[in-house]
Amino acid sequence: MDLTFDEAEEAFRAECRAWIEENRPDPALPSGDTREGFGLHRVWERSLFDARWAVVSWPREYGGREASLWEWLIFEEEYYRAGAPQRVTQNGIFLLAPTLFAFGTKSQQDRYLPAMASAEETWCQGWSEPDAGSDLAAIRSRAVRDETEGGWRLTGQKTWTTRGAFCDRLFGLFRSDPEAARHRGLTYFLVDLRADGVTVRPVERLDGDEGFAEVFLEDVFVPDDDVLGEVHKGWEVAMATTGSERGLTLRSPGRFMATASRLVDLRRAAGDSVDPAAEDAVVRAYIDAEAYRWQTFWTVTRLAEGERIGAESSLVKLFWSELDVRMHETASELLGSSSELIDGPSADWMKGLQFALAGPIYAGTNEIQRNVVAERLLGLPRK
Amino acid sequence: MHFAFTEEQIELRNAVRDLLAKECPPEVVRRAWSGGAGRTDRAWNAMAEMGVLGVVAPEAIGGIGGDEVDLVGVLEETGRAALPEPIVETAAVAVPLLAEAGDDRAAALSEGGACASAIAPTDDLAVWADTADLLVLFDDTGVHAVATSDAELERRHSVDGARRLHRVVARLGDSTRVGGPDAAALAFDRGALGVAAQLLGLGAQLLDTTVDYAKQREQFGAPIGSFQAVKHHLANVRLALEFAAPLVYRAAWSIASRDGERSVHVSMAKAHASDAAVLASRSALQCHGAIGYTTEHDLHLWMKRAWALGAAWGSAPGTAAASRARSCDDRRPGAEIMSEAAPYCTERTRRGRAWPERPGPKGQERES
Ligand SMILES: Cc1cc2nc3c(=O)[nH]c(=O)nc-3n(C[C@H](O)[C@H](O)[C@H](O)COP(=O)(O)OP(=O)(O)OC[C@H]3O[C@@H](n4cnc5c(N)ncnc54)[C@H](O)[C@@H]3O)c2cc1C
């Protein structure tokens with residue numbers, strides 16, 4: 001056991017820190033879940049890409065630095081520590097990219113990876129449908145073979161598509177074989193949202209931003225080149241992506257450590273008038289963020305040795321999502337009556353609370369994750 | 001960065017697990033409840049023979065020459081078995097304390113020829129003190145090792161009938177002192193780490209037992225483990241243990257490597273491990289129903305140990321009364337976190353932990 005970073009890693013940390021401090025937008029950008037903010041975030045993403053900070057762990061040919069998993073974690077810690085902007089490219093670089101690396105052809109990788117890393121092309125996820133939420137295998141949007149054109153025609157509706165109103169492309173599952181059993185007969189497609197037959201309707205989220213969208217598809221042509229993985233094998237491909245969403249790649253510890261730290265600052269600023277129970281909650285949040293960090297280091301050591309993690313990613317998702325809610329609720333307690341304000345210095349906490357509350361819903365609800373833990377890790381019988 | 005145990009460390013832990021499965025099954029813990037000394041004899045001797053008591057003792061005095069990272073998994077297994085022995089007090093606290101002080105008594109302790117009890121600076125009572133040869137006691141000048149024969153003991157009774165508690169009256173002075181405030185702080189950290197490790201083991205044992213029961217017990221024509229409410233109780237326990245364990249292992253490393261933040265790391269570990277084990281107890285009982293509510297069932301052996309250890313060597317935040325929330329005289333990490341700049345956002349300041357100013361534990365007299 002050695003719980004120190006080596007010199008090269010410390011140097012990497014210093015380099016990250018210096019660049020981010022120097023280049024971080026100040027004042028902070030408006031929310032990336034609005035049209036105006038999204039455009040400004042694209043510019044920021046482009047500058048990250050140009051300095052090779054957008055996707056540090058990727059191969060050089062696609063804009064990365066071939067950084068180790070440890071270095072990637074260090075980058076994330078520094079990024080959130082500095083309060084740098086949210087990553088509007090996340091659905092591409094953190095969720096689709098791991099799947100493209102695992103299942104994509106070389107020409108798909110060449111075509112899509114650099115453009116997604118530089119934010120030239122932004123991606124949204126198309127899983128959920130009006131009748132398919134937790135029960136994702138219930139999706140109905142269909143893909144019909146078009147032999148003459150050499151591709152597929154998609155028809156149906158996707159919903160709750162994050163930043164769908166601003167993004168260029170969508171990845172998701174469509175039913176290509178209506179005769180097959182539920183989890184079979186699905187195919188993973190990469191869809192151009194500018195194509196004929198696509199209509200996108202923005203939907204306002206809880207926090208008032210147009211962060212959601214409904215995507216309607218009517219006979220939308222997708223060429224064979226934009227099928228990811230094998231035809232009718234989309235479920236397996238999709239599961240690889242949802243694993244990334246629940247686990248490490250989307251929610252590295254850095255972001256929760258930074259929130260915990262800001263919570264400690266908030267407690268200090270409150271002086272002596274703090275309810276001991278609220279103070280206790282601050283301390284707990286801080287310890288929980290530490291626990292999350294060290295559990296991640298424990299896991300990354302295993303990954304670095306070639307082990308794979310499976311249903312454990314459900315534990316990770318439960319932990320970060322509930323920690324995030326607790327931290328923001330604690331902030332509300334400390335802020336007292338000013339917690340309701342959506343202007344002024346405390347507004348970020350209310351914004352953050354509303355976002356945190358989504359954590360137990362997206363990426364597989366926490367009820368579903370607890371079922372997964374009980375059935376797959378503890379071996380309890382399925383109903 | 002490499003956060004994992006070595007093959008040898010895993011082998012040692014597994015060997016201890018196998019040994020305790022044989023020498024300390026629930027019947028043996030039960031016997032300690034009713035038996036004279038409240039201990040095991042055979043399990044203790046077998047552990048001594050294996051060299052487990054001397055894991056952190058230097059080779060020069062016949063020990064293994066290991067450190068807390070080697071020991072932490074072993075202690076976890078003693079928790080799993082609810083071993084009714086002062087192994088934390090002896091192997092984790094007294095052995096390294098005395099060895100570092102150049103005190104001869106370390107050798108006998110690490111070989112199993114003698115054993116020690118202790119009263120943590122947060123606590124008032126010593127466990128198995130009547131059969132211990134030596135008592136580790138703290139006051140504001142440091143840490144002391146007192147022969148039990150020189151102390152007066154008064155028996156108190158724990159909810160965990162295997163834990164034979166004693167109030168201790170002893171004279172502490174220059175002749176009994178084996179270390180100053182720094183040594184005392186280190187000894188306290190070692191004890192708290194040891195108990196945190198045992199709590200992890202207890203939590204895991206409670207979870208495993210309950211998962212087995214939930215698969216086998218049927219109601220409404222189905223195993224109760226197929227009901228979502230039961231699943232979620234047990235998933236919560238798994239979750240709590242999953243995130244407590246890395247804090248405990250990290251704290252072990254921090255002690256072994258003399259990290260400047262060692263005491264805060266130990267506090268965090270103890271806080272999480274206590275909460276996880278207490279949650280495991282509550283959930284285990286709930287999922288067993290009435291059969292878990294009888295002393296005829298083994299569940300209570302682990303549950304009561306978890307309650308006792310959860311509160312010993314400093315309790316978790318949240319379980320501590322609100323009035324104690326801001327005091328520094330507990331194993332709570334709050335004071336450190338609040339008073340120190342949070343390391344995530346501000347430069348880390350290296351510092352020694354201020355030893356809490358409080359009078360010596362109740363019942364101890366000091367030489368004037
Ligand atoms: C902020 C946010 C962003 C999102 N972004 C995207 C996106 O970009 N792309 C996308 O495709 N989707 C997105 N989603 C949708 C998300 O994937 C779904 O909300 C999620 O899968 C749950 O589905 P549902 O909302 O239909 O809830 P339902 O499945 O209808 O569930 C409602 C309630 O019932 C419970 N429940 C359902 N089944 C079970 C069961 N078997 N056992 C116990 N409880 C159960 C659920 O846990 C939940 O509490 C997003 C959601 C949010 C909140």
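Which residues have the most contacts inside the largest nonpolar core? In this predicted model, they are Tyr188(A) and Val248(B). The views below start there and then move on to a helix pair, a glutamate and chain B.

**View 1. The nonpolar cores.** The largest nonpolar core holds 189 residues, and Tyr188(A) and Val248(B) have the most contacts inside it. Apart from this core lies another one, of 21 residues. Phe38(A), Val198(A), Val215(A) and Val220(A) are among the residues of that other core.

**View 2. Helix α8 of chain A packs against helix α8 of chain B.** Here residues 276-304 of chain A form one helix and residues 228-256 of chain B form the other. Their axes are 8 Å apart and make an angle of about 85 degrees. Since roughly perpendicular covers 65 to 115 degrees, α8(A) therefore counts as roughly perpendicular to α8(B). On the chain A side, look for Ile287(A), Glu290(A), Ala291(A), Tyr292(A), Trp294(A), Gln295(A) and Trp298(A). Their partners in α8(B) are Glu242(B), Phe243(B), Pro246(B), Leu247(B), Tyr249(B) and Arg250(B). Sorted by class, the contact has nine nonpolar, one polar and three charged residues. As a reminder while you trace the two helices, residues three or four places apart in an α-helix point the same way, because there are 3.6 residues a turn.

**View 3. Glu76(A) in its surroundings.** This glutamate belongs to helix α3 of chain A, which runs over residues 69-81. Is Glu76(A) buried or exposed? Its relative accessibility is 2%, so Glu76(A) counts as buried, the cut-off being under 20%. Leaving aside residues up to four places away in sequence, Glu76(A) touches Phe94(A), Ser252(A) and Gly254(A). For a sense of scale, Asn23(A) is 53 residues from Glu76(A) in sequence, and their C-alpha atoms are 15 Å apart.

**View 4. Helix α9 of chain B and the residue after it.** The 27 residues of this helix, 262-288, reach 39 Å from the first C-alpha to the last. That span is close to the 39 Å expected at 1.5 Å a residue. How many residues of α9(B) are buried? The count is 21 of the 27, so the helix is largely enclosed by the rest of the structure. Just after α9(B) comes Gly289(B), with a positive phi near 70 degrees.

**View 5. Chain B as a whole.** Stepping back, chain B has 11 helices and 11 strands. Of its 368 residues, 61% are buried. Among contacts in chain B with a separation of 6 or more, 71% are between residues 24 or more positions apart.

Methods. Residues are numbered from 1 along each chain as its sequence is written. Chains are lettered from A and ligands numbered from 1 in the order in which they are written. This is a predicted model: local features need pLDDT of at least 70, side-chain atom pairs count only at pLDDT 80 or more; totals for chains, interfaces and linings use all residues. Side-chain values use heavy atoms; hydrogens and water are left out. A nonpolar core is a set of buried Ala, Val, Leu, Ile, Met, Phe, Trp, Tyr and Cys residues joined through side-chain atoms within 4.5 Å. Buried means under 20% relative accessible area, exposed over 50%, partly exposed in between (1.4 Å probe, protein chains only). Axes are lines fitted to C-alpha atoms, for helices over the stretch in contact, and angles run from 0 to 180 degrees between N-to-C directions. Helices (H or I, at least four residues) and strands (E, at least two) are DSSP runs, numbered from the N terminus. Angles under 35 degrees count as roughly parallel, over 145 as roughly antiparallel, 65 to 115 as roughly perpendicular and the rest as oblique. Contact means heavy atoms within 4.5 Å. Ala, Val, Leu, Ile, Met, Phe, Trp, Tyr, Cys and Pro count as nonpolar, Asp, Glu, Lys and Arg as charged, and the others, Gly among them, as polar. The expected span of a helix is 1.5 Å times one less than its number of residues.
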